[in-house]
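This report describes one protein model for a reader who has not seen it before. The sequence and structure come first, and the description follows.

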Amino acid sequence: MTNDKISVLHFPVLDSTNRFALEIKDFSHLTTVVADSQTAGRGRMGRSFFSPENGLYMSVILQPERIKCPLSLCTPGAALAVRQALENEGIRGIKIKWVNDLLLNGKKVCGILTQSQTENGKISKIVIGIGINLCKGEYDFPEDIKDRADWIGFHGDKLNLAKNIAAELNRYICSDNSDICTEYNSYLAYIGESTTVTDYADNNRRVSGTVLGADENCFLKIKTEDGNERLISSGEIG
Ligand code: BTN
């Protein structure tokens with residue numbers, strides 16, 4: 001890992017920081033796009049992401065050749081990076097809900113969406129989009145997510161937090177000596193608990209069982225009700 005300069009492009013409002021980051025041509029490794037609000041924030045599975053002014057919406061651009069971990073570990077690495085940057089700000093007790101949500105007291109406080117761009121059949125750019133619910137303000141959550149989402153209670157310098165997250169991201173996924181899977185497991189929520197997971201790689205099959213942890217690819221290990229172990233590569237808990 002090197003001491004790369006993190007250049008921040010800050011806008012009061014964008015449709016989506018991920019959309020902007022995917023489109024810009026003039027960028028370097030760790031260029032970070034930040035918006036105070038988004039009008040069309042993108043979530044996983046084509047969903048939208050609620051993005052009022054009391055949040056942090058950022059997208060970090062990574063040059064694929066700088067990434068040292070398998071590309072499949074970028075999103076788990078990003079979850080660890082946000083958790084660590086928040087802990088550095090005194091926000092403790094954050095857990096990771098497989099694969100890419102951060103929870104505080106069991107409620108979602110951050111979502112992560114990784115997207116990439118391909119040129120001539122090769123990945124040319126990776127964009128890690130991060131949305132954090134910072135502090136309760138004028139805008140409260142819409143009815144459909146209100147029971148599952150919360151604010152972390154951060155009132156500090158947003159741009160400084162964004163830079164620290166980008167630096168942690170670089171540390172986790174662009175250095176030789178990070179052990180993403182081991183650390184990921186130590187912050188994983190629901191270990192030992194019964195849950196139901198939607199398995200996207202198996203026609204959205206609903207799988208019930210006990211969460212055992214994540215394997216070396218950060219796939220979710222579940223002990224199903226018939227006593228077998230099942231690995232889920234892509235899906236969602238709950
Ligand atoms: C999810 O929870 O489904 C993922 C949400 C990711 C939201 C962030 S906000 C910044 C970046 N720009 C976007 O349009 N989406 C990501």
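## The loop at V99

V99 sits in the loop that runs between β4 (94-97) and β5 (101-104). Helices (H or I, at least four residues) and strands (E, at least two) are DSSP runs, numbered from the N terminus. The peptide bond that leads from W98 to V99 is cis, and its omega is near 5°. Most peptide bonds are trans, and most residues other than glycine have a negative phi.

## Basis of the model

The model is predicted: local features need pLDDT of at least 70, side-chain atom pairs count only at pLDDT 80 or more, and totals for chains, interfaces and linings use all residues. Residues are numbered from 1 along each chain as its sequence is written, and side-chain values use heavy atoms, with hydrogens and water left out.

## Two residues with positive phi

N105 is not a glycine, yet its phi is positive, at about 50°. The loop that holds N105 lies between β5 and β6 (107-119). N105 is exposed, its relative accessible area being 74%. Here buried means under 20% relative accessible area, exposed means over 50%, and partly exposed is in between (1.4 Å probe, protein chains only).

Y190, also not a glycine, has a positive phi of about 75°. Y190 belongs to the loop between α4 (180-186) and β8 (194-199). With a relative accessibility of 24%, Y190 is partly exposed.

## Overall form

The protein has 4 helices and 12 strands. Its radius of gyration is 17 Å, close to the 18 Å from the globule rule for 238 residues, so the protein is as compact as a globular protein of that length. The radius is taken over C-alpha atoms, and the globule rule is 2.2 Å times the number of residues to the power 0.38. The C-alpha trace spans about 50 × 45 × 35 Å along the principal axes.

Of the 238 residues, 49% count as buried. Among contacts with a separation of 6 or more, 61% are between residues 24 or more positions apart; a contact means heavy atoms within 4.5 Å.

## Surface and charge

About 11,400 Å² of the protein is exposed, and carbon and sulfur atoms supply 45% of that area. Accessible areas come from the Shrake-Rupley method with a 1.4 Å probe, and for residues only the protein chains shown count as cover.

The protein has 27 positive and 31 negative charges, and the mean positions of the two sets are 1 Å apart. Lys and Arg count as positive and Asp and Glu as negative, while His and the chain ends are not counted. Each charge is placed at NZ of Lys, CZ of Arg, CG of Asp or CD of Glu.

## Cysteines C181 and C218

A disulfide is a pair of cysteine sulfur atoms within 2.5 Å, and the count by this rule is 0. For C181, the closest cysteine sulfur is that of C218, at 3.7 Å, which is too far for a bond. C218 is likewise in no disulfide, and its nearest cysteine sulfur is that of C181.

C181 is buried, with a relative accessible area of 11%. C218 is buried too, at 3% relative accessibility.

## L73 and its contacts

L73 is placed in the loop between β3 (55-62) and α2 (74-88). At 7% relative accessibility, L73 is buried. Residues up to four places away in sequence aside, L73 touches I173, I180, C181, E216, N217 and C218. Both cysteines described above are thus among the contacts of L73. L73 and R148 are 75 residues apart along the chain, and their C-alpha atoms are separated by 26 Å.

## H29 and N164

H29 is in the loop between α1 (17-23) and β2 (32-38). Its relative accessibility of 4% makes H29 buried. Beyond neighbours within four places in sequence, the contacts of H29 are D4, K5, I61, L62, Q63, R66, N170 and C174. E65 is 36 residues from H29 in sequence, with 9.7 Å between their C-alpha atoms.

N164 is part of helix α3 (residues 158-173). N164 is partly exposed, with a relative accessible area of 31%. Not counting residues up to four places away in sequence, N164 touches A85 and E89. I130 is 34 residues from N164 along the chain, and the two C-alpha atoms are 13 Å apart.
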